[in-house]
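Colleague: Could you take a close look at one part of this model, the aromatic ring pairs, and set them against the chain as a whole? A connected account would suit me better than a list.

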Amino acid sequence: MQSTQEASAVPIRSRGRLLKILGVGFGLAVIVGNTIGAGILRQPGEIAARLPNVWMSLGVWVAGGLYALLGSISIAELGATLPLSGGQYVFARRALGDYAGFVVGWSDWISTCGATAYISLVIAEFASALAPALKGRDALVALIIAATFALLQWRGIREGSGVQNITSLLKAMIYISLVAACFALGGRGFHSIADSSLSTTGIPPLAAFVVALQGVIYTYDGWTGVIYFSEEVRDPARDIPRAMFGGVLSVIAIYLLVNLAVLYVLPISEVAGKDLALGAAAQEIFGSHGDAIFRSLVILAMFSAVNACHLMATRVLFAMSRDGLFAKRAADVNRGGTPAIALAMSAGVAVAFILSGTVNQILAVVSFFFVANYTVSFISLFVLRRREPERERPYRAWGYPSTTALSLLGSIAFLAGAIKSDTQNSLYALAVLAASYPVYYLLKRFSRR
């Protein structure tokens with residue numbers, strides 16, 4: 001295995017180049033579009049079932065948001081200091097060498113392709129509930145959705161970023177409109193406070209809070225979206241920190257408003273266990289048309305997540321390929337600034353997940369790596385600060401090293417909790433990690449040939 005210094009010296013090998021045309025607006029759009037997905041629809045009911053107390057239920061969303069905000073302080077420095085597209089793979093490889101970069105990049109790419117498939121299937125599921133003619137055709141509808149957004153990006157980043165800006169703005173407007181409707185038309189107010197003594201978890205409150213926090217942190221996942229495009233941002237030193245902080249704060253605000261709106265309409269006892277708590281609130285305020293209105297709006301809101309996942313997965317594979325950790329041709333960029341082969345391969349993996357019916361199992365295993373990759377990034381910041389003290393850092397993490405250490409400890413604690421609460425999938429993830437070195441070795445040899 002190469003040393004870290006050697007790894008960072010591998011020449012870039014690609015035809016064409018990425019275009020430096022993105023700004024803060026796109027950074028905000030990709031963070032909001034990628035982060036706000038199916039999680040906020042399903043988690044409020046699960047959280048309320050575990051924490052049937054209004055303030056604890058809201059508190060866990062605040063805690064998850066603080067973790068994301070604290071982490072963004074450190075990741076923003078890495079993105080501004082190493083402005084290369086490819087996400088957290090770039091930091092891991094620079095600080096810890098090729099193999100660490102390979103593990104982070106490969107798990108990120110697979111999980112993002114899996115997320116594309118999952119979100120497309122959720123849209124298809126919602127669509128079939130609205131149109132009986134689509135029942136039993138979820139896979140076909142999901143394939144059309146995934147393929148359509150890949151084709152929209154094929155011409156170039158201008159088209160891809162334009163779609164992201166429009167769909168993310170639409171998503172924000174939809175959620176704000178639903179929240180406003182809940183407060184305007186919901187008549188019961190916070191009656192759920194009276195249910196604060198309910199206990200349905202059967203485990204101590206602190207343990208229930210920790211388990212609930214794991215689900216919330218998964219729901220916040222995606223707040224690093226802008227760093228996948230650092231090389232394409234016009235002024236990464238300024239725009240990456242602004243986009244990251246603005247995006248994280250926007251997501252926190254939307255998540256808290258959604259939870260407040262649901263609890264304004266429904267008592268927490270009725271929210272607990274609901275698969276789609278916001279949908280239940282919509283039925284309460286819109287009556288018999290509530291479900292159709294809710295599903296239609298959510299379908300429109302989910303499109304931005306599909307587009308964002310395609311964009312991000314493509315950049316990860318592109319970065320690995322030009323560094324010699326995957327097929328050389330996947331680093332080729334077309335005239336519009338799109339790594340076209342990497343896009344085709346990423347879309348192909350998403351399609352394979354949809355057709356195989358294994359997307360849920362794949363995500364359950366690789367989701368372990370979501371926070372593991374954050375852990376590696378926080379370690380990378382410590383390593384690079386120590387090893388490259390003279391390197392220009394246009395943005396420095398506020399409160400370093402304390403804030404980075406807190407983020408790192410939080411990530412480690414989360415991983416320990418994940419292993420305990422989902423031992424089987426965590427063990428599968430560790431088995432994948434153990435088997436990754438032979439794959440890395442073979443791909444390395446293949447790319448050289």
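**Aromatic pairs in their setting**

Modeller: Of the 449 residues of the chain, 57% count as buried, and I should say at once that this is a predicted model. The chain has 18 helices and 0 strands. Its radius of gyration is 21 Å, close to the 22 Å that the globule rule gives for 449 residues, so the chain is as compact as a globular protein of that length. Along the principal axes, the C-alpha trace spans about 65 × 50 × 40 Å. When contacts between residues at least 6 apart in sequence are considered, 83% of them join residues at least 24 apart, and the aromatic pairs described below can be read with that figure in mind.

The structure holds 21 aromatic pairs. One of them is formed by F26 and F229, which meet edge-to-face, with 5.0 Å from centre to centre and 90 degrees between the planes. This pair links distant parts of the chain, since F26 belongs to helix α2 (residues 24-35) while F229 sits in the loop between α9 (205-220) and α10 (236-265), 203 residues apart. Taking the cut-off for burial as under 20% relative accessible area, F26 is buried because its value is 4%, and F229 counts as buried because its relative accessibility is 0%.

A second edge-to-face pair is that of Y218 and F414, with 5.3 Å centre to centre and 85 degrees between the planes. Y218 lies in helix α9 and F414 in helix α17 (residues 402-421), so this pair ties together parts that are 196 residues apart in sequence. Here the two partners fall into separate classes of exposure: Y218 is partly exposed, with a relative accessible area of 30%, whereas F414 is buried, at 7%.

Beyond these two pairs, ring pairs also link Y99, F102, W106, W109, F326, Y437 and Y440 into a cluster.

As for the outside of the chain, it exposes about 18,000 Å², of which carbon and sulfur atoms supply 65%. The chain carries 35 positive and 24 negative charges, and the mean positions of the two sets are 8 Å apart.

How values were computed. Residues are numbered from 1 along each chain as its sequence is written. This is a predicted model: local features need pLDDT of at least 70, side-chain atom pairs count only at pLDDT 80 or more; totals for chains, interfaces and linings use all residues. Side-chain values use heavy atoms; hydrogens and water are left out. Helices (H or I, at least four residues) and strands (E, at least two) are DSSP runs, numbered from the N terminus. The radius of gyration is taken over C-alpha atoms; the globule rule is 2.2 Å times the number of residues to the power 0.38. Buried means under 20% relative accessible area, exposed over 50%, partly exposed in between (1.4 Å probe, protein chains only). Contact means heavy atoms within 4.5 Å. Accessible areas come from the Shrake-Rupley method with a 1.4 Å probe; for residues, only the protein chains shown count as cover. Lys and Arg count as positive and Asp and Glu as negative; His and the chain ends are not counted. The place of a charge is taken as NZ of Lys, CZ of Arg, CG of Asp or CD of Glu. Rings of Phe, Tyr and Trp (its six-membered ring) pair if their centres lie within 6.5 Å; planes under 30 degrees apart count as stacked, over 60 as edge-to-face and the rest as tilted.
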